[in-house]
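Here are my notes on the model you sent over, set out as numbered points. Please keep the structure open beside them as you read.

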Amino acid sequence: MPIDPQNTLLTVQAGLAQLSTLIVSYSFSAIGAIILLVVGYIVAGLAERSIFAGLGHIHGFDATLRHFFSKIVRYAILILVVIMVLGQFGVQTASIIAAIGAIGLAIGLALQGTLQNIAAGIMLLALRPFRIGESVEVGAISGSIEEIGLFATRLRTADGVYILAPNSTLWNQPVRNFSRNGVRRADISLSIGSWNDIDGAQKTLLALAGADKRIRREPAPVAFVASLGDTTVSLTLRYWTSAADYFSTNIDMTKRAKQAFDSEGISIPLPPPEAPAQETRKQ
């Protein structure tokens, strides 16, 4: 069958016209998409900074939470912009939202532990059972708080060991905060021979406490007999000091009490000597 040149020309012209229409249409869509992306990126950045600055005016609002909420707003705007851009090219946004929901559900199920840490981190930052710089004990974990993150909390132990504890672990256990109240009670116990002057020993301990400026006058220090042994009397000096001075005061008072007892002739009984091991006789 012979090819009609006129029909072929008309087909080519129709195809070129349709192609040019598609090019123009998608060009406008592409230009609109680029504009949306640029504007959305700028708006997301402005919203992030505005939220971060606005939360900063709230007294006591944690900086980590400020970062978290400002980032959430930024990413929410960017996701919305991406959906609008896809809509420019005729993609059904309803199916995109459904797909995002399904992906989010799958990620949530796969990362349950991580999401628990995030939720626990938010609760720790909101309720503030501890702050940066405070000394805490949570279960078997103890140390000074260095950073509270959304996933984990960084601590430093008294002997300089680095600890990274998941937030869910810290949230699900009772927290002992040694710094929060600002003051701590300390007890120093010493045993003296029952033949010594007990009243004199108590006065010596109270005099030592009164001479140290780190020890608070209210509540007043007390010295009392804690327990009695066969040949010993256990004395306890109880006083209050600031949480920052707790360990240094405890160390100094223990040393001074021993030195004061030695200078006043108050003897601290030695443990009884161990019985010598009996040698077995050779048969």
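**Notes on the two sheets and their surroundings**

1. Let me start with one pair of residues: Glu137 has Ser142 of β2 opposite it. This is a predicted model, in which local features need pLDDT of at least 70 and side-chain atom pairs count only at pLDDT 80 or more, while totals for chains, interfaces and linings use all residues. Residues are numbered from 1 along each chain as its sequence is written, and side-chain values use heavy atoms, with hydrogens and water left out. Strands (E, at least two residues) and helices (H or I, at least four) are DSSP runs numbered from the N terminus, and two strands pair if DSSP finds at least two bridges between them.

2. The pair above belongs to a hairpin of β1 and β2 with two residues between the strands. Gly139, in the turn, has a positive phi of about 60 degrees. β1 (residues 135-138) and β2 (residues 141-148) run antiparallel and are joined by four bridges. On its other pairing, β1 is linked to β5 by three bridges, again antiparallel, and Val136 stands opposite Asn177 of β5.

3. β1 also has two distinct faces: Val136 and Val138 are on the covered one, Ser135 and Glu137 on the uncovered one. As background, side chains in a regular strand alternate between the two faces of the sheet.

4. Stepping back, these strands are part of an open, antiparallel sheet of five, ordered β4-β3-β2-β1-β5. Why do β4 (162-166) and β5 (175-177) count as edges? Each has a single partner strand, so one side of each is left without a neighbour in the sheet. The twist averages 40 degrees from one strand to the next; axes are lines fitted to C-alpha atoms (for helices, over the stretch in contact), and angles run from 0 to 180 degrees between N-to-C directions. At the β4 end, five bridges connect β4 with the antiparallel β3 (residues 152-156), and Arg154 has Leu164 as its bridge partner in β4.

5. The other sheet is an open one of three strands, in the order β6-β8-β7 with antiparallel pairing. Its edge strands are β6 (183-193) and β7 (222-228), each pairing on one side only. Here the twist averages 25 degrees between one strand and the next. β7 pairs with β8 (residues 232-242) over six bridges, and Val222 is opposite Arg238 of β8.

6. Two helices pack on this three-stranded sheet, where contact means heavy atoms within 4.5 Å. Helix α6 (residues 198-211) touches β6, β7 and β8, and its direction makes about 20 degrees with that of β8. Helix α7 (residues 246-263) touches β6 and β8, at about 20 degrees to the direction of β6.

7. Which residues have the most contacts inside the largest nonpolar core? They are Ile192, Leu205, Leu237, Tyr239, Met253 and Phe261, in a core of 20 residues. A nonpolar core is a set of buried Ala, Val, Leu, Ile, Met, Phe, Trp, Tyr and Cys residues joined through side-chain atoms within 4.5 Å. Buried means under 20% relative accessible area, exposed over 50%, and partly exposed in between (1.4 Å probe, protein chains only). β6, α6, β8 and α7 each supply at least two residues of the core, and α7 gives the most, with five. Beyond its neighbours within four places in sequence, Leu237 has contacts that include Ile188, Leu205, Val222 and Met253. A second, separate core has 12 residues, among them Phe130, Ile145, Ile148 and Leu150.

8. Do look at Tyr246. Tyr246 and Phe247 form an edge-to-face pair, 5.0 Å centre to centre and 85 degrees between the planes. The rule pairs rings of Phe, Tyr and Trp (its six-membered ring) with centres within 6.5 Å; planes under 30 degrees apart are stacked, over 60 edge-to-face and the rest tilted. Tyr246 is buried at 14% relative accessible area, whereas Phe247 is exposed at 57%. Arg184 lies over the face of Tyr246, 3.7 Å from the ring centre; this call needs NZ of Lys or CZ of Arg within 6 Å of the ring centre and within 35 degrees of the ring normal.

9. Finally, the whole chain: there are seven helices and eight strands, and buried residues make up 28% of its 283 residues.
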